[in-house]
Amino acid sequence: MQQVSDYEINARVRSVLARHWVDTAKLRFGSFRGTVRLTGELHRLGGDTHTTAQLASKLDCIEHEIQRLRGVKRVYIQLEKWAKNGTGDWEATERRAAARSSAVPDAGASVTSSESHVYELTARDARKVPVEDHEEEERIVTKDRR
Amino acid sequence: MQHLEDCLQFLREQTERQPDCAPTWSHLGLVLFDAGRVDEALEALDRALAIHPYYREAVITRCFALSELGRSHDGFNGFKVLHASIPDNFETSLALGVYCMRHGWTRAGLAQILRAEMMRPGLPFVLSYAAAAFEELGDDGAADDRRRRSSQAMKRLRAGPRSWDAVLKAAREAFYGQWQNPALARVPVVEATVLREAGKSGEAEDSLLDANLRFPGHPELMVELGKFLLAREHSAEATKWFSGAVCMDETQYQAFYELGFLHADNRNLNLAAKALNHAVALRPLFPDYRYHLASVLLDRGRSNEALEEFRRILTLDPGDGYAAVQLASIHIERQEWEKAVDLLRSGPFESWPEALVLQAQAHRDLGHRAKARVCLERALATDETNSEARELLSAVGA
């Protein structure tokens, strides 16, 4: 079977995420020799009316669609607030609160791009900085959150 | 707005889910303002500003809302605060210019609009505002010049109607010459989101297409339409709109980023690399942009450049597993096994099966079979189905 490059797989994963309106400002993805990994937080672009159950179902859909992509051998998903239960279904957890208080960073958690979440910085940070400056600062603050 | 009550309900639900989210309160304020419900708009905008005092869209809309209540000087003072904090901001200069024109402060208004034009030269909707301002000041020559340049810029687009001239004329009459809040261009995006969530993606797409006709040459709206088209798997059309957005405005980093993937889908990796290079140049601290650029460079056989990009990511964030794994793989290919081991043995990614398999490979090549076995057993403990780990473990031997 012809080898599919990492970048080609990444482009197809991007298409899957775009179809499901996943906000890739908070969710990082990448592949290495057929292993696809997703880390970060699951949010939908522009706001979300989905219930937790609907999001769990969506995550399941996303996982299966990525698994079916040509060249993908396996998919590892490590998202804040989500874990698989004993029956292999996705369910929401409270790992995010626990992870923030823990000294050990989440395995695989990575800094992501930030396009619209400057309000999170402001909620934490007493400095009053105009919007543009937040875009770059969000990276460093997000890192510190791990 | 066609779906006003649906939008308001959606936004109110969002503010209940995320009461500390300034953008959501700001969007609610914007939609209420667009609907003429100024007092309610001010309440929502004040909530946004309590969370984020400099949230630009909220500040600007609040200024226009105060103006609607006859408090034009309070509105102007609102601009001063924003303008003082970032004097060279495009959106603020443009909105302030429009605000001044609205209140008959024409010279000040034109000066601000021209400042905005200088910051983003050639942007059709800014040129349209400038044309309207010159027209009010009686300078028809300058007004015609802006209109001509706006029309020429739109002709470069491969997306949208065959001729933009009629669209530009209608937009001038309906919007630009009325000196309305430029932030209102955001309202169709909110409406499209509501329609999308209601399962009406086709209507959402139509709504954004209409918005692009009402605000011709507005790069952010072109990007939003591109995203919708992408989500609906209309990749060719999405490419046109993203390309149009960057043609209008070279700072549209999101458009460049998406074009990187769209070109890759078409196996046009040179264009993909070029687009991602632009995205990285605009957002150098975004590790994921660099990561995808490095991946496409690697695919093109430009491993030295890819290596440098992965190194830069790790300088920004030493815990970036995506970059670490790729960089380690390059080191192994170059027989720099110790470097690969050093990179992989610590960090939040060190328990990733793919990182453990690579580490095992490096140990095996260094002749450290026992260490290789330990790594592979750990990889299989995390994922017993990992075939690479199994194969390598058989090769390394018991």
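This is a tutorial dialogue on reading selected features of a predicted two-chain model.

User: Let me start with chain B as a whole. How many helices and strands does chain B have?

Analyst: Chain B of this predicted model has 23 helices and zero strands. Along the principal axes, its C-alpha atoms fill a box of roughly 85 × 45 × 40 Å. Of the 398 residues in chain B, 56% are buried.

User: And what share of the contacts in chain B comes from residues 24 or more positions apart?

Analyst: Counting contacts with a separation of 6 or more, residues 24 or more positions apart account for 53% in chain B.

User: How do I read burial in a helix? What about α11(B), for instance: is it enclosed or open?

Analyst: The general idea first: an α-helix has 3.6 residues a turn, so residues three or four places apart point the same way. Now the case here. Helix α11 of chain B spans residues 187-197, and eleven of its eleven residues are buried, so it is largely enclosed by the rest of the structure. The buried residues include V187(B), P188(B) and V189(B), and also the charged-type names E191(B), R196(B) and E197(B).

User: Which helices do the buried residues of α11(B) pack against?

Analyst: They pack against α1 (4-17), α2 (22-34), α12 (201-214) and α13 of chain B. After α11(B) comes G199(B), with a positive phi near 80 degrees.

User: Let's turn to strands. In which sense do β1(A) and β2(A) pair?

Analyst: To read a strand, look at its partners and then at its two faces. In chain A, β1 (residues 27-32) and β2(A) pair in the antiparallel sense over six bridges. One example is F29(A), whose bridge partner in β2(A) is L38(A). The hairpin of these strands has two residues between them, and R33(A) takes a positive phi near 50 degrees there.

User: What about the pairing of β2(A) with β3(A)?

Analyst: That pairing is parallel, again with six bridges, and β3 covers residues 74-79 of chain A. Within β3(A), R74(A) is the bridge partner of T35(A), while L79(A) is the bridge partner of G40(A).

User: Are the faces of β2(A) covered or open?

Analyst: Both are covered: T35(A), R37(A) and T39(A) are buried on one side, and V36(A), L38(A) and G40(A) are buried on the other. That fits the count for the strand, residues 35-40, where six of six residues are buried. As for β3(A), five of its six residues are buried, so the strand is largely enclosed by the rest of the structure.

User: Now single residues. Is V16(A) buried or exposed?

Analyst: For one residue, I would check the element, then the accessibility, then the contacts. V16(A) lies in helix α1 of chain A. The cut-off for buried is under 20% relative accessible area, and V16(A) has 1%, so it is buried. Beyond its neighbours up to four places away in sequence, V16(A) touches I62(A), E65(A), I66(A) and L69(A).

User: Can we do the same for chain B? Why does Q112(B) count as buried?

Analyst: Q112(B) counts as buried because its relative accessibility is 13%. Its place is in helix α7 of chain B, residues 106-119. Setting aside neighbours within four places in sequence, Q112(B) is in contact with H83(B), S93(B), L96(B) and G97(B).

User: And which residues does R267(B) touch?

Analyst: Leaving out residues up to four places away in sequence, R267(B) touches S5(A), E8(A) and D299(B), so two chains appear in that list. Its side chain makes a polar contact with the side chain of E8(A), at 2.9 Å. R267(B) sits in the loop between α15 (253-265) and α16 (269-282) of chain B, and counts as partly exposed at 47% relative accessibility.

User: Last topic: how many cavities of 30 Å³ or more are there?

Analyst: With a cavity, look at volume, then at the lining. The whole structure has three cavities of 30 Å³ or more. The second largest has a volume of about 150 Å³. Among its 14 lining residues, the closest to the centre are R14(A), T24(A), L45(A), K227(B) and E258(B). Elements giving two or more residues to this lining are α1 (6-19) of chain A, together with α13 (219-231) and α15 of chain B.

User: What classes of residue line the second largest cavity?

Analyst: The lining has seven nonpolar, two polar and five charged residues.

Methods. Residues numbered from 1 in each chain as written. Chains lettered and ligands numbered in written order. Predicted model: local features only at pLDDT ≥ 70, side-chain atom pairs only at ≥ 80, totals over all residues. Heavy atoms only, no water. Helix = DSSP H or I, 4+ residues; strand = E, 2+ residues; numbered from the N terminus. Buried < 20%, exposed > 50% of the residue type's maximum accessible area, 1.4 Å probe, protein only. Contact = heavy atoms within 4.5 Å. Polar contact = N/O pair within 3.5 Å; in protein donor to acceptor, adjacent residues only side chain to side chain. Pairing = 2+ DSSP bridges. 1 Å grid on protein atoms, 1.4 Å probe; cavity = no way out; pocket = protein on both sides within 12 Å on 5 of 7 lines; lining within 4 Å. Points joined across faces, edges and corners; volume = space filled by probe spheres on them.
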